[in-house]
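Q: Please give me a close look at the aromatic side chains in this one. I'd like to know what they sit next to, and how far I can trust the picture.

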Amino acid sequence: MSRPPNYCQLQINIKSAELETEGRLTRADPYVEVVVDGTSAKKTDICKKTFTPKWNSTVQVLVTPSSQVEFKVTDKCTLKQDALLGSAEVKLMALIVEYSGKISDVSKELPLKLDGKSTGTIVCIFDGIDISADQLRTLSSEQSNGQVANGPRRRSTPITSTADDNTANHTSSLSTNQSNSASTSPSGGARPRRGRNGVLPLPPVNGVTDELLLPSGWEKRVAPNGKPYYVDHANKVTTWKRPTTDVVPPTRSSPTNTTDPPPPPPPPPPL
């Protein structure tokens with residue numbers, strides 16, 4: 001099975017460590033766990049009862065130029081869970097750039113830390129990576145452009161709207177909602193628009209409203225019982241019957257000192 005592209009074999013010799021003894025009553029039984037890109041890869045043997053372990057253990061791991069290698073120094077416990085004594089991390093790209101693409105028997109003394117506090121040092125020797133100058137320039141270019149060797153990083157979409165735009169959109173949305181609420185009945189249907197004096201006009205007929213079809217000087221109104229009646233403003237009379245342009249049947253005279261005649265009385269109850 002062929003290797004994935006951009007992968008290479010890194011050899012690491014885990015030499016030794018010096019651990020802090022402050023606050024410890026007994027000596028530790030330390031070992032090292034090698035973690036590559038968040039995945040546990042190898043473990044060394046255990047050194048018994050010591051704060052200066054010497055493992056001299058060589059491991060080989062599969063890495064990419066952008067890999068991060070972590071060394072976890074852990075105390076082996078018998079009756080309880082193993083306790084972390086400290087960890088150190090190496091960013092392989094920084095190491096490659098530092099040594100111009102060729103990592104051969106590079107010894108590094110790395111600081112061990114636990115919860116932000118120094119807990120000692122560990123010595124490791126790195127070997128096995130040889131990258132040409134052209135490849136190194138390509139990797140450096142990809143790194144500066146926000147990419148890694150095994151693929152580009154995802155970038156978040158920039159936010160183009162400003163706070164003023166959001167405020168304007170919010171105000172416009174509120175105005176629209178209020179306008180819609182004002183023209184909508186509680187049951188969800190559209191409220192009909194009322195004409196002059198609260199009259200509900202009939203739907204347009206061939207583009208002409210009911211009021212425009214009435215003779216000049218006439219107006220349609222609605223009595224309290226819901227029945228429509230018609231007012232002749234010229235003669236100060238009202239009628240239940242819809243007038244036409246030829247017939248104007250008056251029914252009742254209004255007082256001379258009023259401008260709007262009162263509605264006609266409701267019809268008599270049926271026999």
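A: Tryptophan 240 is partly exposed, with a relative accessible area of 25%; buried would be under 20%, exposed over 50%, and partly exposed is in between, using a 1.4 Å probe and protein chains only. The charged end of lysine 227 sits over the tryptophan 240 ring, 4.5 Å from its centre. To count, NZ of Lys or CZ of Arg must be within 6 Å of the ring centre and within 35 degrees of the ring normal.

Keep in mind that this is a predicted model, so local features need pLDDT of at least 70 and side-chain atom pairs pLDDT 80 or more, while totals for chains, interfaces and linings use all residues. Residues are numbered from 1 along each chain as its sequence is written, and side-chain values use heavy atoms, leaving out hydrogens and water.

Across the whole structure, 2 aromatic pairs turn up. Rings of Phe, Tyr and Trp (its six-membered ring) pair if their centres lie within 6.5 Å; planes under 30 degrees apart are stacked, over 60 edge-to-face, and the rest tilted. Phenylalanine 71 and phenylalanine 126 meet edge-to-face, 6.1 Å centre to centre with 70 degrees between the planes. They come from strands β5 (residues 68-75) and β9 (residues 117-127), 55 residues apart; strands here are DSSP E runs of at least two residues, numbered from the N terminus. Phenylalanine 71 is buried at 0%, and phenylalanine 126 is buried at 1%.

Tryptophan 240 belongs to an edge-to-face pair with tyrosine 229, at 6.3 Å and 75 degrees. Tyrosine 229 is in strand β14 (residues 228-232) and tryptophan 240 in the segment after β15 (237-239), so the pair ties together parts 11 residues apart in sequence. Unlike its partly exposed partner, tyrosine 229 is buried, at 4%.

Back to the phenylalanines: Phe71 and Phe126 are among the residues touching the most other members of the largest nonpolar core, which has 36 residues. Such a core is a set of buried Ala, Val, Leu, Ile, Met, Phe, Trp, Tyr and Cys residues joined through side-chain atoms within 4.5 Å. Strand β1 (residues 8-19) gives the largest share, 5 residues.

As for trust, mean pLDDT (the predictor's confidence in each residue, from 0 to 100) is 75, and 62% of residues reach 70 or more. Residues 148-164 stay under 50, and residues 181-188 are below 50 too. Where pLDDT is low, don't read the predicted coordinates in detail.

Technical notes:
Helices (H or I, at least four residues) and strands (E, at least two) are DSSP runs, numbered from the N terminus. Contact means heavy atoms within 4.5 Å.
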